[in-house]
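Hi,

Here's the structure I promised to pass on. Have a look at it first, and then read my notes underneath.

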There are 2 protein chains.
Amino acid sequence: MKNLMETLRQHGIQPTPQRLEVARYILECDRHFSAEQALSIVLERCPTISRATVYNTLNILVEKGLVAARVLTEGAVVFDSRVARHHHLIDTETGEIHDVDWGALKVSGTRSLADFEVQEYHVVLKGRKKQ
Amino acid sequence: MKNLMETLRQHGIQPTPQRLEVARYILECDRHFSAEQALSIVLERCPTISRATVYNTLNILVEKGLVAARVLTEGAVVFDSRVARHHHLIDTETGEIHDVDWGALKVSGTRSLADFEVQEYHVVLKGRKKQ
DNA sequence: GATCATCTTTAGACTTAGTCTAAGTCCATG
DNA sequence: CATGGACTTAGACTAAGTCTAAAGATGATC
Ligand SMILES: [Mn+2]
Ligand SMILES: [Mn+2]
Ligand SMILES: [Zn+2]
Ligand SMILES: [Zn+2]
């Protein structure tokens, strides 16, 4: 959607060609992707981009709140272009990660955790498609 | 507690000296530990044990239900000697992982997730100690 | 427009967690 | 004693990610 360059600027990120390619990938791709996935696709359009730049860019985007980094499965951090809070369901057969709307689940008790101040939480579900 | 050798046998695991050392570590250590942590401590008592054996043993213990493997933070799978279901709270300042009793939180809505059959779920909370 | 500082990118080395392999050890059984 | 199975070992290998040092681009200032 809307001007990528503008979006980056509004978030205080200098829009370089490399950063724009990474950001473009995020808009076009699956919601959840790893840094290595992003790297290999961005490389097709921008054959000289370095691994370091892709990782740096993703980390900047996380820092500035444009994507979220989530630790859901083994092996690689997953970047999530949906930053609004929601839960995740992992298909135990395929490994696919599905979003679960925040409103679909209700968690109670988080306010009463003894001497901890809870800043955020989310539910990680595992299951499989019916049938 | 109780005879380690017996426990392994009861779970269908051949109790070798190396496996007993790994199991002993689990009983004595922090509840949540990484494979590399286990390796470096077990090495002190059993200086020729190999990395492969420690990883293999941990994986067998998981398979047989004696410990649980959890993906909670970046960087390494965490093994959890408390296998009964519970939630986790990650201290954002120290990185420490704390257990939250299953009964302390209530999650509703997991049964009504459209075409998914939920097999298990847990809540991952982030926060910090009050004060 | 030339100068200089700062920001950014690059290739590749490096690190860490984890897996794999091939050879060797240690039984048990015939 | 021979064979086989289960187990361990060292070390090579892989994959994700970080770091570095040098080169390149940008931008403010004169
Ligand atoms: Mn790995
Ligand atoms: Mn790493
Ligand atoms: Zn998501
Ligand atoms: Zn736990």
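Which residues coordinate the zinc ion (ligand 4)? Before I get to that, keep in mind that this is a predicted model.

Now the zinc. In chain B, ligand 4 is held by His32(B), His86(B) and His88(B), each through NE2, and by Asp80(B) and Asp99(B), each through OD. The coordination distances are 2.1 to 2.3 Å. If you want to find these residues in the sequence, their spacing is H-x47-D-x5-H-x1-H-x10-D. Two of them are worth a click: His86(B) sits in the loop between β3 and β4 of chain B, while Asp99(B) belongs to strand β5 (residues 97-100), so this pair ties together parts that are 13 residues apart in sequence.

Are those two buried or exposed? His86(B) has a relative accessible area of 3%, so it counts as buried, the cut-off being under 20%. Asp99(B) comes out at 23%, which means it is partly exposed.

Chain A has a zinc ion too, ligand 3. Its donors are His32(A), Asp80(A), His86(A), His88(A) and Asp99(A), with the histidines using NE2 and the aspartates OD, at 2.1 to 2.3 Å. The donor spacing for ligand 3 reads H-x47-D-x5-H-x1-H-x10-D. Two of these histidines are buried: His86(A) has 2% relative accessibility, and His88(A) has 0%.

Next, a residue in a loop. Ser81(B) lies between β3 (78-80) and β4 (87-91) of chain B. With a relative accessible area of 26%, Ser81(B) is partly exposed. What does Ser81(B) touch, leaving aside residues up to four places away in sequence? The answer is Ile26(B), Arg31(B), Leu66(B) and Val67(B). Try Ala68(B) as well: it is 13 residues from Ser81(B) along the chain, yet their C-alpha atoms are separated by 6.4 Å.

Finally, zoom out to both chains. How are chain A and chain B related? Turn chain A by 180°, with 0.0 Å of shift along the axis, and it superposes on chain B with an RMSD of 0.1 Å. The two copies are therefore related as by a two-fold rotation axis. As for where they meet, 100% of the interface residues of chain A are also interface residues in chain B, so the copies come together through the same surface.

Happy clicking, and write back if you get stuck!

Notes: Residues numbered from 1 in each chain as written. Chains lettered and ligands numbered in written order. Predicted model: local features only at pLDDT ≥ 70, side-chain atom pairs only at ≥ 80, totals over all residues. Heavy atoms only, no water. Least-squares fit on C-alpha atoms with pLDDT ≥ 70 in both. Contact = heavy atoms within 4.5 Å. Donors = N, O, S within 2.8 Å, 3.2 Å for Na, K, Ca; no water. Buried < 20%, exposed > 50% of the residue type's maximum accessible area, 1.4 Å probe, protein only. Helix = DSSP H or I, 4+ residues; strand = E, 2+ residues; numbered from the N terminus.
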